[in-house]
Amino acid sequence: MRVDVNESKKIVLLWKSTAEADTPVTEEIQEQLDSYRSRKFRIIVMRSGNEDLFEPTLALLLKNRMKKAMEEATAEYKAAKEAV
């Protein structure tokens, strides 16, 4: 297990290999995570795997693209409505 901390974004990444995926977090690491959690850091657990990530990544990108397009369309609509 490995812990990476991004202070500026207040994110803690806990990396677990495939072999460690089902292994509980050690007491030492749990204390470290609790310390960051009390400082309002977001704790993210990353687990290695062997699944194909193409389809889930594509779905996520399409969802984000659609969300951005909706936001832009809404902003254009509001701007046009205010111009009248």
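**Close-up 1. The exposed face of helix H1 in this predicted model.** On the face of H1 turned away from its buried side, you will find the exposed residues Glu-27, Glu-28, Glu-31 and Ser-38. The helix itself takes in residues 27-38, 12 residues in total. From its first C-alpha to its last, H1 reaches 16 Å, close to the 16 Å expected at 1.5 Å a residue.

**Close-up 2. The buried side of H1.** Now for the other part of the helix: Ile-29, Leu-33 and Tyr-36 are buried in H1. These residues sit on the same side of H1 because they cover an arc of only 60° around the axis. A reminder of helix geometry helps here: with 3.6 residues a turn, residues three or four places apart in an α-helix point the same way. Which strands do the buried residues of H1 pack against? Their packing partners are strand E1 (2-6), strand E2 (11-16) and strand E3 (42-47).

**Close-up 3. Leu-33 and its contacts.** Leu-33 is one of the buried residues of H1. With its neighbours within four places in sequence set aside, Leu-33 is in contact with Val-12, Leu-14, Val-25 and Ile-43. Val-12 and Leu-14 belong to the covered face of E2.

**Close-up 4. The largest nonpolar core.** Six residues are worth picking out together here: Val-12, Leu-14, Ile-29, Leu-33, Tyr-36 and Phe-41 make up the largest nonpolar core, which has 6 residues. At least two residues of this core are supplied by each of E2 and H1. H1 gives the largest share, 3 residues. The general background will be familiar: nonpolar side chains tend to be buried together in soluble globular proteins.

**Close-up 5. The two faces of strand E2.** Val-12, Leu-14 and Lys-16 form the covered face of E2, while Ile-11, Leu-13 and Trp-15 form the uncovered one. In a regular strand, side chains alternate between the two faces of the sheet. Two residues of the covered face, Val-12 and Leu-14, also appear in the largest nonpolar core.

**Close-up 6. The hairpin of E1 and E2.** Do E1 and E2 run parallel or antiparallel? They run antiparallel, and 5 bridges join them. Among the pairs to look for, Asp-4 has Leu-13 of E2 as its bridge partner, and Asn-6 has Ile-11 of E2. The hairpin has 4 residues between the strands. Lys-10 lies in this loop between E1 and E2, and its phi is near 55°, a positive value in a residue other than glycine. Lys-10 counts as partly exposed because its relative accessible area is 36%, which falls between the cut-offs of 20% and 50%.

**Close-up 7. From E2 over H1 to E3.** E2, H1 and E3 together make a right-handed β-α-β unit. E2 and E3 run parallel and are joined by 6 bridges. In E3, Arg-42 is the bridge partner of Ile-11, and Ile-44 is that of Leu-13. Leu-13 is also the bridge partner of Asp-4, just as Ile-11 is that of Asn-6.

**Close-up 8. Lys-40, just after H1.** Where is the place of Lys-40? Look in the loop between H1 and E3. Although Lys-40 is not a glycine, it has a positive phi of about 65°. Is Lys-40 buried or exposed? Lys-40 is exposed, because its relative accessible area of 69% is over the 50% cut-off.

**Close-up 9. Ala-59 in helix H2.** For the last view, turn to Ala-59, found in helix H2 (residues 54-83). Ala-59 counts as partly exposed because its relative accessibility is 46%. How many residues apart in sequence are Ala-59 and Val-25? They are 34 residues apart in sequence, and 31 Å apart in space from C-alpha to C-alpha. Val-25 is one of the residues in contact with Leu-33.

Notes
Residues numbered from 1 in each chain as written. Predicted model: local features only at pLDDT ≥ 70, side-chain atom pairs only at ≥ 80, totals over all residues. Heavy atoms only, no water. Expected span 1.5 Å × (residues − 1). Buried < 20%, exposed > 50% of the residue type's maximum accessible area, 1.4 Å probe, protein only. Arc of directions from axis to C-beta. Contact = heavy atoms within 4.5 Å. Pairing = 2+ DSSP bridges. Right-handed = clockwise from strand over helix to strand, strands pointing away. Core = buried A, V, L, I, M, F, W, Y, C linked by side-chain atoms within 4.5 Å.
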